[in-house]
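The following paragraphs lead the reader through a protein structure and the ligand it holds. Please keep the sequence and the three-dimensional view at hand while reading.

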Amino acid sequence: MRIGVLSETADVERRVAATPETVRKLIALGAEVSVEAGAGAGAAIPDAAYAEAGATIAERAALIAAADLILAVQAPPTLPGARAGTAVVAIFAPAANRATVDAYAAVGLTALAMDLMPRITRAQSMDVLSSQSNLAGYKAVLDVAAEYGRAFPMMMTAAGTIPAARVFVLGVGVAGLQAIATARRLGAVVSATDVRLATKEQIQSLGAKPIFIEDEETRAAETSGGYAKEMSDAYKAKQAALITETIAKQDIVITTALIPGRPAPRLVTAVQVASMRPGSVLVDLAVEAGGNIEGARAGEVVETSGGVKIVGHKNVPSRVPFDASALYARNLFNLVAAFWDKDTRAPVWKRDDEIVKGVMLTDGGAVVHPVMQG
Ligand code: NAD
């Protein structure tokens, strides 16, 4: 089994799909590992560190042609020279990248999408959405703090007192919870809201104040998979009023709200942004999914005429490239190891397994995943 680790070609991507640690573990399973020259550069992992771990450093074309299994962070749109039957494990974002999925099927590649990993206990160690969102939530707070011309903690000094920053987090999934924890560690006074009522206790347990609409709809806002549903217009109106009232008193707003398979909900309007005092900063972690904040632009820090900044960095996990790579690479290793067959020294993707059914996009020349039908 020859495993090839690609260098990333996507814009704003500094992560890498294997680290020297996971290379060692893959070799211990019985695989041969090749790493594309320079693959770890964005995460400050030199080729020499991979070589020391036992990998061969290879050029892209040779690596792709030889590989039985290819590991990447973002699936490249095409893989010229790849052999039919080669498995590719990566993030595919299939809803936005239908052409990539079709291209993989057309040449007989087996595409395994880490971003479709089912949220079941057995797959927790393979859950890239969680491992990457956690770091995104952390980095969002640091990004916002860097743009904010004031301090986060309350400071009592001989020259007088600096008040603590007031931070409001909208969307309390994996990223939101880490944003709350990080802002609290920096000394901010934090409040937070979500549509899923289950998050109320989690917010309180992190020492933040929950701001909630509690009605029949919030009691049923969570799907069996633990995700949010799209809410009714009546709920949205109540939520908008609550946000208007809350936001005017905040210094910092962090939004992370996503609805799987739908555009991100618009939670903060330009009027609400304008109600914040000059110097306030917002960050929109959903900016690439359509955005939670009106006026946010992907890849930019926008400053409004009222002196409020809206941070919209792309690919925030990639802004913590070393740790994001370390966790992503372990997620990948855990998937490969879970399906590894000791006798043949190769992974066997059992087609009736819940995890394989969850992640397999293409197989035997066809697009096979239910999310791609219709
Ligand atoms: P996500 O990235 O899909 O969304 C982020 C947050 O935005 C969610 O909390 C969601 O409820 C919230 N949101 C959506 N619409 C909103 C709106 N209109 N207003 C306010 N908030 C809104 O979510 P996620 O971070 O992937 O986590 C979702 C849930 O899945 C969490 O409960 C998490 O603990 C759970 N989870 C379970 C597993 C597992 O069982 N293996 C793994 C990871 C996460």
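How many residues of the shell around the ligand are nonpolar, how many polar and how many charged? The shell has eleven nonpolar residues, seven polar ones and four charged ones. Before this picture is developed, it should be stated that the model is a predicted one.

The ligand is surrounded by 22 residues, and the closest of these are R119, S130, V174, D194 and R196. Two of these residues reappear when individual atoms are considered. A polar backbone atom of V174 lies 2.7 Å from an oxygen atom of the ligand. For R196, it is the side chain that takes part: one of its N or O atoms is 2.7 Å from a ligand oxygen atom. A nitrogen atom of the ligand, in turn, is 3.5 Å from an N or O atom in the side chain of Q124. Taken alone, the ligand would expose 840 Å², and the protein buries 85% of that area.

The discussion now turns to the strands. One open sheet consists of six strands in the order β3-β2-β1-β4-β5-β6, with parallel pairing. Strands β3 (56-58) and β6 (110-113) stand at its edges; each has a single partner strand, so one side of each is left without a neighbour in the sheet. From one strand to the next, the twist averages 25°. At the β3 edge, strand β2 (residues 32-36) pairs with β3 in the parallel sense over three bridges. Within this pair, V35 has I57 in β3 as its bridge partner.

Another open sheet is built of seven strands, and here the pairing is mixed. Its order is β11-β10-β9-β12-β13-β15-β14. The edge positions belong to β11 (209-210) and β14 (301-303); because each has a single partner strand, one side of each lacks a neighbour in the sheet. The pairing of β14 with strand β15 (residues 309-311) is antiparallel and runs over three bridges. Two helices pack on this sheet. Helix α5 (residues 128-147) touches β12 (252-255), β13 (281-284), β14 and β15, and its direction makes about 150° with that of β13. Helix α6 (residues 174-185) touches β9 (166-170), β10 (189-193) and β12, and its direction makes about 165° with that of β10.

Finally, a single residue may serve as a point of orientation. E303 is found in strand β14, and its bridge partner in β15 is K309. Which residues does E303 contact, leaving aside its neighbours within four places in sequence? With those neighbours set aside, E303 is in contact with V308 and K309. A separation in both sequence and space can also be given for this residue: E303 and I27 are 276 residues apart in sequence, and their C-alpha atoms are 50 Å apart in space.

Definitions and conventions:
Residues are numbered from 1 along each chain as its sequence is written. This is a predicted model: local features need pLDDT of at least 70, side-chain atom pairs count only at pLDDT 80 or more; totals for chains, interfaces and linings use all residues. Side-chain values use heavy atoms; hydrogens and water are left out. A residue is near a molecule or strand if one of its heavy atoms lies within 4 Å of it. A polar contact is a pair of N or O atoms within 3.5 Å; within protein, one must be able to donate a hydrogen and the other to accept it, and residues adjacent in sequence count only if both atoms are side-chain atoms. Accessible areas come from the Shrake-Rupley method with a 1.4 Å probe; for residues, only the protein chains shown count as cover. Ala, Val, Leu, Ile, Met, Phe, Trp, Tyr, Cys and Pro count as nonpolar, Asp, Glu, Lys and Arg as charged, and the others, Gly among them, as polar. Two strands pair if DSSP finds at least two bridges between them. Helices (H or I, at least four residues) and strands (E, at least two) are DSSP runs, numbered from the N terminus. Contact means heavy atoms within 4.5 Å. Axes are lines fitted to C-alpha atoms, for helices over the stretch in contact, and angles run from 0 to 180 degrees between N-to-C directions.
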